[in-house]
Amino acid sequence: MRTVEPIRWTSEGVVLLDQRRLPGEVLYRTYTDYRELAQAIKDMVIRGAPAIGVAAAMGVALGVERSKAKTVDDMRAEFAVICETLARTRPTAVDLFWAIERFRRRFADLAREAETDGSGDSASALARIRAALVKEAQKVHQERREADERIGRFGAELLPKSGRVMTQCNAGALATGGIGTALGVIRTAVEGGYRIEVLVPETRPFLQGARLTAWELHQDHIPLTLITDNMVGHFLKTGGIGAVVVGADRIARNGDTANKIGTYGIAVLANEHRVPFYVAAPISTLDLSIPSGEQIPIEERSAEEVTHLAGVRISPDVRAAHPAFDVTPARLITAIITERGVARPPYEESLAALAGVRGEG
Ligand code: MRU
């Protein structure tokens, strides 16, 4: 199935589909400056944890490719600034930091190689590094696509063969650059002949459900029903929902999962009504350095996204809160679907095994 492409590396620059304009307008923007690309991540021109990772990878590559540095040494200091700028965009999505760390290591290796072979202060060494980092960014994108396909296959086996499945936010092609994680699972199931209807909560305040998931599924002729966020409990109680499947922004060592605000409430209600609750995410979304969800930084976004809708004020001029994510405790999660297989509780062990981390002793 061909899906929409939210990000692409081109010789003109990094092309992003402006997700703030969807579904009304399909507008692509080309970025030639990594600082503008960083701002685009912050402003949610591109969003969704895995896609943010791809954007960060391309952002670093873009910064190095377009830099005026003449030698590897000149590039070193600028490289640190590029990474820092991109790291200061969205604090919760760990894929952002995963991608930046990968590029820091790659750059250090390439710079060391140039030093060892004595070409460190030549322009050709820097040209080689530039080309290698562009290739690395394209590789990150390709890996996302492959991970989504595998997540889709593992996850589809867990869904009911027919009936309703609920999701939250947008964990689709727009959020990954592949077929999506949660929506990748649904897409794979539908392609395999499952007769599924997707219940899509609108996902206030940014409306990723109403604007993006509904658009994506509609484009692909996957049956859906859009609901408002406050209908979630009603439908989980009465709506014959066979499963909930959502994406993730960061998964702690014990399986606690940060995802779009509202996910925690859905998980509690799914648990109350004995509906299996699945998280679908690539290994890059695991953060095994933190023991639990308590250590996950929650992004606080502008209150204006709550007090205004499409630029129109909907509340009096009062204080409004906008935590962009919440944390679902591991005990409410039936399974975590990754490209390396399905993790079940206890997650401390199953996630470490999938990540290839050896336990102590
Ligand atoms: O604020 P957003 O739109 O970037 O939040 C996105 C989500 O919460 C997604 O569910 C998550 O990143 C997984 S995307 C495959």
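Which residues have the most contacts inside the largest nonpolar core? In this predicted model, they are I7, V14, L16, V60, F79, F103 and L133, within a core of 49 residues. Two strands and five helices are among the elements that supply two or more residues each: β1 (7-10), β2 (13-17), α1 (34-42), α2 (49-66), α3 (72-87), α4 (94-116) and α5 (123-156). Helix α2 makes the largest contribution, with 12 residues. Such an arrangement can be set beside a general tendency. In soluble globular proteins, nonpolar side chains tend to be buried together.

V60 offers a view into this core. Leaving aside residues up to four places away in sequence, V60 touches F79, I82, C83, L86 and F103. A second core of 28 residues lies apart from the one just described, and its members include M166, V246, V279 and I283.

C83, one of the contacts of V60, is itself buried, because its relative accessible area is 0% and the limit for a buried residue is under 20%. C169 also counts as buried, at 7% relative accessibility. The search for disulfides in the model gives a count of 0. No pair of cysteine sulfur atoms therefore falls within the 2.5 Å that the criterion requires.

The ligand site comes next. The ligand is surrounded by 19 residues, of which R47, A49, R90, N259 and K260 are the closest. Several polar approaches can be described at the level of atoms. The side chain of R47 places an N or O atom 2.8 Å from an oxygen atom of the ligand. The side chain of Q208 likewise has an N or O atom 2.8 Å from a ligand oxygen atom. In the case of G48, a backbone N or O atom is involved, at 2.9 Å from an oxygen atom of the ligand. Taken alone, the ligand would expose 410 Å², and the protein buries 100% of that area.

Helix α7 (residues 182-191) is largely enclosed by the rest of the structure, because 8 of its 10 residues are buried. The buried residues are A182, L183, G184, V185, I186, R187, T188 and A189. The list thus includes R187 and T188 as well as residues such as L183, V185 and I186. After the helix comes G193, which has a positive phi, near 95 degrees.

The last part of this account concerns strand β15 (residues 335-338), where I336 is found. I336 counts as buried because its relative accessibility is 0%. With residues up to four places away in sequence left out, the contacts of I336 are I251, G255, T257, V279, G341, V342, A343, Y347 and L351. One of these, V279, is also among the members of the 28-residue core. A C-alpha to C-alpha distance of 43 Å separates I336 from E115, and the two are 221 residues apart in sequence.

T338 is placed in the strand β15 as well. At 0% relative accessibility, T338 too counts as buried. Where do the polar atoms of its side chain find partners? A polar atom of the T338 side chain lies 3.0 Å from the backbone nitrogen of R340, and the backbone oxygen of G341 is 2.9 Å from a polar atom of that side chain. Beyond four places in sequence, T338 touches I151, F154, A281, I283 and L354. Among these contacts, I283 is a member of the 28-residue core.

How values were computed: Residues are numbered from 1 along each chain as its sequence is written. This is a predicted model: local features need pLDDT of at least 70, side-chain atom pairs count only at pLDDT 80 or more; totals for chains, interfaces and linings use all residues. Side-chain values use heavy atoms; hydrogens and water are left out. A nonpolar core is a set of buried Ala, Val, Leu, Ile, Met, Phe, Trp, Tyr and Cys residues joined through side-chain atoms within 4.5 Å. Buried means under 20% relative accessible area, exposed over 50%, partly exposed in between (1.4 Å probe, protein chains only). Helices (H or I, at least four residues) and strands (E, at least two) are DSSP runs, numbered from the N terminus. Contact means heavy atoms within 4.5 Å. A residue is near a molecule or strand if one of its heavy atoms lies within 4 Å of it. A polar contact is a pair of N or O atoms within 3.5 Å; within protein, one must be able to donate a hydrogen and the other to accept it, and residues adjacent in sequence count only if both atoms are side-chain atoms. Accessible areas come from the Shrake-Rupley method with a 1.4 Å probe; for residues, only the protein chains shown count as cover.
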